[in-house]
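Hello,

Here is the structure I promised to pass on. Please open it next to this email, and my notes follow below.

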Amino acid sequence: MTGQLIQIAGSLLVLGAFIATQARRLAPDAWTYLALNAGGSGILAVLALVDGQWGFLLLESVWALVSAAGLVRKARTSPTREPEATR
């Protein structure tokens with residue numbers, strides 16, 4: 001039962017991000033969108049590994065890795081401090 005609840009939570013994170021993007025509430029490169037996708041798909045990937053669901057593991061692992069790469073790319077390209085003109 002606990003595994004099912006965790007699976008539903010992971011699914012809701014991914015679906016919430018997708019729905020918010022489709023509703024134009026989140027941009028596909030927004031921190032929140034990327035974090036929800038990475039977290040939700042990461043949870044689902046771990047559960048797929050535990051259950052030996054290889055196709056689902058492949059799907060969710062790639063989804064998590066692509067989202068995590070987006071987070072890393074965004075962290076590297078986001079300014080770390082305010083531009084001089086706005087101080």
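The accessible surface of the protein chain comes to about 6,200 Å². Carbon and sulfur atoms account for 67% of that surface. Please keep in mind that this is a predicted model.

Overall build

The protein chain has three helices and zero strands. From the N terminus on, the order is α-α-α. The radius of gyration is 16 Å, while the globule rule gives 12 Å for 87 residues, so the chain is more spread out than a compact globule. Along the principal axes, the C-alpha atoms fill a box of roughly 55 × 25 × 20 Å. Buried residues make up 26% of the 87 residues. I also looked at contacts between residues at least 6 apart in sequence: 53% of them join residues at least 24 apart.

The nonpolar surface patch

Which residues make the nonpolar surface patch? They are Met1, Leu5, Ile8 and Leu12. The patch covers about 480 Å². Leu5 sits in helix α1, which spans residues 2–22. Its relative accessible area is 51%; the cut-off for exposed is over 50%, so Leu5 counts as exposed.

The largest nonpolar core

This core has six residues. They are Ala17, Ala20, Leu26, Ala30, Tyr33 and Leu34. Helices α1 and α2 (31–51) are the elements that give two or more residues to it.

Take Ala17 as a way in. Beyond its neighbours within four places in sequence, Ala17 is in contact with Tyr33, Leu36 and Asn37. Two of these contacts, Leu36 and Asn37, get their own notes below.

Threonine 21 is in helix α1 too. Its relative accessibility is 15%, under the 20% cut-off, so Thr21 counts as buried. With residues up to four places away left aside, Thr21 is in contact with Leu26, Pro28 and Tyr33. Leu26 and Tyr33 are also listed in the core. Thr21 and Tyr33 are twelve residues apart along the chain, and their C-alpha atoms are separated by 7.7 Å.

Leu36 and Asn37

Leu36 is in helix α2, and so is Asn37. Are they buried or exposed? Asn37 has 2% relative accessibility and is buried. Leu36 has 25% and is partly exposed.

Their contacts, again leaving out residues up to four places away in sequence, are as follows.

- Leu36 touches Leu13, Val14, Ala17 and Leu26.
- Asn37 touches Val14, Ala17, Gly42, Trp63 and Ser67.

Val14 and Ala17 appear in the list for Leu36 and in the list for Asn37. Leu36 can also be set against Ile8, a residue of the surface patch. The two are 28 residues apart along the chain, with 14 Å between their C-alpha atoms.

The loop between α1 and α2

Arg24 is found in this loop. Please look at its backbone. Arg24 has a positive phi of about 60 degrees, although it is not a glycine. Most residues other than glycine have a negative phi. Arg24 is exposed, at 77% relative accessibility.

Helix α3

Helix α3 covers residues 54–77, and Glu60 lies in it. Is Glu60 buried or exposed? Its relative accessible area is 7%, so Glu60 is buried. Not counting residues up to four places away in sequence, Glu60 touches Ser41, Leu44 and Ala45. Glu60 and Ile43 are 17 residues apart in sequence and 8.6 Å apart in space, C-alpha to C-alpha.

Val62 is in helix α3 as well. Val62 is partly exposed, at 43% relative accessibility. From Val62 to Thr21, the separation is 41 residues in sequence and 20 Å in space, C-alpha to C-alpha.

Where to click

If time is short, start with these.

- Asn37: buried at 2%, with Trp63 and Ser67 among its contacts.
- Glu60: buried at 7%, with Ser41 among its contacts.
- Arg24: positive phi, about 60 degrees.
- Leu5: exposed at 51%, and one of the residues in the nonpolar patch.

Best wishes

Definitions and conventions. Residues numbered from 1 in each chain as written. Predicted model: local features only at pLDDT ≥ 70, side-chain atom pairs only at ≥ 80, totals over all residues. Heavy atoms only, no water. Patch = residues over 30% accessible without salt bridge, like charges linked within 9 Å, V, L, I, M, F, W, Y side chains within 5 Å. Areas by Shrake-Rupley, 256 points an atom, 1.4 Å probe, with all protein chains shown as cover. Salt bridge = Lys/Arg side-chain N within 4 Å of Asp/Glu carboxyl O. Helix = DSSP H or I, 4+ residues; strand = E, 2+ residues; numbered from the N terminus. Buried < 20%, exposed > 50% of the residue type's maximum accessible area, 1.4 Å probe, protein only. Core = buried A, V, L, I, M, F, W, Y, C linked by side-chain atoms within 4.5 Å. Contact = heavy atoms within 4.5 Å. Rg over C-alpha atoms; globule rule 2.2 N^0.38 Å.
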